[in-house]
Amino acid sequence: MKKLTWKDDLRPIPFLLAFFVAYVLFTIYPIFKGMQMSFFNWTLIEQQEFIGLTHYIDVLSDPNFWEAFGNTALFVLLSTPTMVVLALMLALMANLNTKLQTFFRGSFFIPSILSVSVISFVAIFMLQPYTGVVNNILQAVGFNSEPFWLATPSLAWVSIIAVTLWWTVGFNMILFLTALQGIPDDLYEAAEVDGATRQQMFWRITLPQLMPIGRLILLLQVLASFKVFAQILLITDGGPGTSTRPIILYIYEMGFQRYDLGYAAAMSYLLFMVLLVLSVIQLRLGGKEGRML
């Protein structure tokens with residue numbers, strides 16, 4: 001076999017150069033530019049004076065920041081475990097060898113390809129009081145009161161979480177389904193010969209085999225839930241009041257409605273630190289080598 005020289009190692013560089021330049025311009029450069037902005041008074045138009053860590057100190061004493069962070073943490077705590085369990089249940093259903101297998105897979109995954117504006121419009125249409133589909137169904141089965149799904153804080157959270165689950169569970173279902181199909185049939189055949197029941201096979205074979213992909217889904221879901229933004233902006237706009245305003249929406253308001261980009265950048269970096277710490281903890285819990293898969 002011909003030994004590769006250093007010239008052979010350099011041949012892929014021209015093919016990778018275009019992507020590398022785009023990656024540096026649109027991913028690496030904004031990271032450092034955002035950090036620079038957080039140390040300045042920076043409007044939408046111009047950079048003003050250097051103020052050091054003042055924005056970070058102000059953010060930590062801002063009650064609106066902590067309220068928005070609390071709302072985000074509540075969304076993460078409520079939506080993430082539900083998402084993982086629901087995705088697993090749907091994957092098990094979609095993996096059944098029945099005539100409805102294709103229907104299950106398609107119907108579970110299709111919502112995830114819709115845009116956020118479409119699913120938000122559908123949610124608002126269905127959750128309207130007096131004329132909404134959900135209230136009409138409830139009244140048809142004998143529920144007499146008229147819930148205001150988007151005007152009551154607790155019901156608004158229920159609505160947002162339900163819409164998010166319906167919209168995004170299909171992607172996680174596909175990940176679980178792929179892992180399910182990778183489990184060797186030999187394991188089930190050996191268990192069947194030993195007289196194991198379906199429940200025993202699930203707890204002793206299926207679930208342990210799905211743990212690595214489950215940890216990956218948990219990590220991705222925590223990161224995605226902390227970045228929840230568009231559906232809340234379009235469905236409730238953070239309301240009623242600010243009861244459903246997440247941290248990303250507050251950053252958006254400070255940056256692009258109040259034009260305080262330095263303050264918004266400081267909040268973004270504090271959120272980044274939180275996500276970094278959570279990611280490291282999850283990777284550490286994934287095993288001695290920090291591997292998810």
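## Exercises on a predicted model

Helix 9 passes helix 10 in a right-handed crossing. Keep in mind that the model you're looking at is a predicted one.

**Exercise 1.** Work out how helix 9 and helix 10 run relative to each other: roughly parallel or roughly antiparallel?

*Solution.*
- Start with what you need: two packed helices are described by the angle between their axes and the distance between the axes.
- Find the pair: helix 9 covers residues 185-193, and helix 10 covers residues 198-226.
- Now the numbers. Their axes come within 11 Å and cross at roughly 165 degrees.
- Compare that with the cut-off: angles over 145 degrees count as roughly antiparallel.
- So helix 9 and helix 10 are roughly antiparallel to each other.

**Exercise 2.** Track down the salt bridges. How many are there, and which residues are linked in a network?

*Solution.*
- The count comes to two salt bridges.
- Take Glu-67 and Arg-245: their side chains meet in a salt bridge, at 3.9 Å from N to O.
- Where do these two sit? Glu-67 belongs to helix 4 (residues 63-94), while Arg-245 is in the loop between helix 11 (230-235) and helix 12 (247-256), so this pair ties together parts that are 178 residues apart in sequence.
- Next up is Glu-253, whose side chain meets that of Arg-245 in a salt bridge of 2.8 Å, N to O.
- Put the pieces together and you get a network of salt bridges linking Glu-67, Arg-245 and Glu-253.

**Exercise 3.** Sort the residues of that network: which are buried and which are partly exposed?

*Solution.*
- The cut-off for buried is under 20% relative accessible area, and partly exposed runs from there up to 50%.
- Arg-245 has 6% relative accessibility, so it counts as buried.
- Glu-253 is buried too, as both Glu-253 and Arg-245 are.
- Glu-67 has a relative accessible area of 31%, so it's partly exposed.

**Exercise 4.** Look for the nonpolar surface patch that includes Val-21. Which element gives the most to it?

*Solution.*
- The patch is about 1200 Å² and is made by Trp-6, Leu-10, Ile-13, Leu-17, Phe-19, Phe-20, Val-21, Tyr-23, Val-24, Leu-25 and Phe-26.
- Two elements give two or more residues to this patch: helix 1 (6-10) and helix 2 (13-37).
- Helix 2 gives the most, with nine residues.
- Val-21 makes a handy check: you'll find this residue in helix 2.
- Patch residues need over 30% relative accessible area. Val-21 has 41% relative accessibility, so it counts as partly exposed.

Terms used
Residues numbered from 1 in each chain as written. Predicted model: local features only at pLDDT ≥ 70, side-chain atom pairs only at ≥ 80, totals over all residues. Heavy atoms only, no water. Patch = residues over 30% accessible without salt bridge, like charges linked within 9 Å, V, L, I, M, F, W, Y side chains within 5 Å. Areas by Shrake-Rupley, 256 points an atom, 1.4 Å probe, with all protein chains shown as cover. Salt bridge = Lys/Arg side-chain N within 4 Å of Asp/Glu carboxyl O. Helix = DSSP H or I, 4+ residues; strand = E, 2+ residues; numbered from the N terminus. Buried < 20%, exposed > 50% of the residue type's maximum accessible area, 1.4 Å probe, protein only. Axes fitted to C-alpha atoms, helices over the stretch in contact; angles between N-to-C directions. Parallel < 35°, antiparallel > 145°, perpendicular 65-115°, else oblique. Left-handed = near helix turned anticlockwise from the far one by under 90°.
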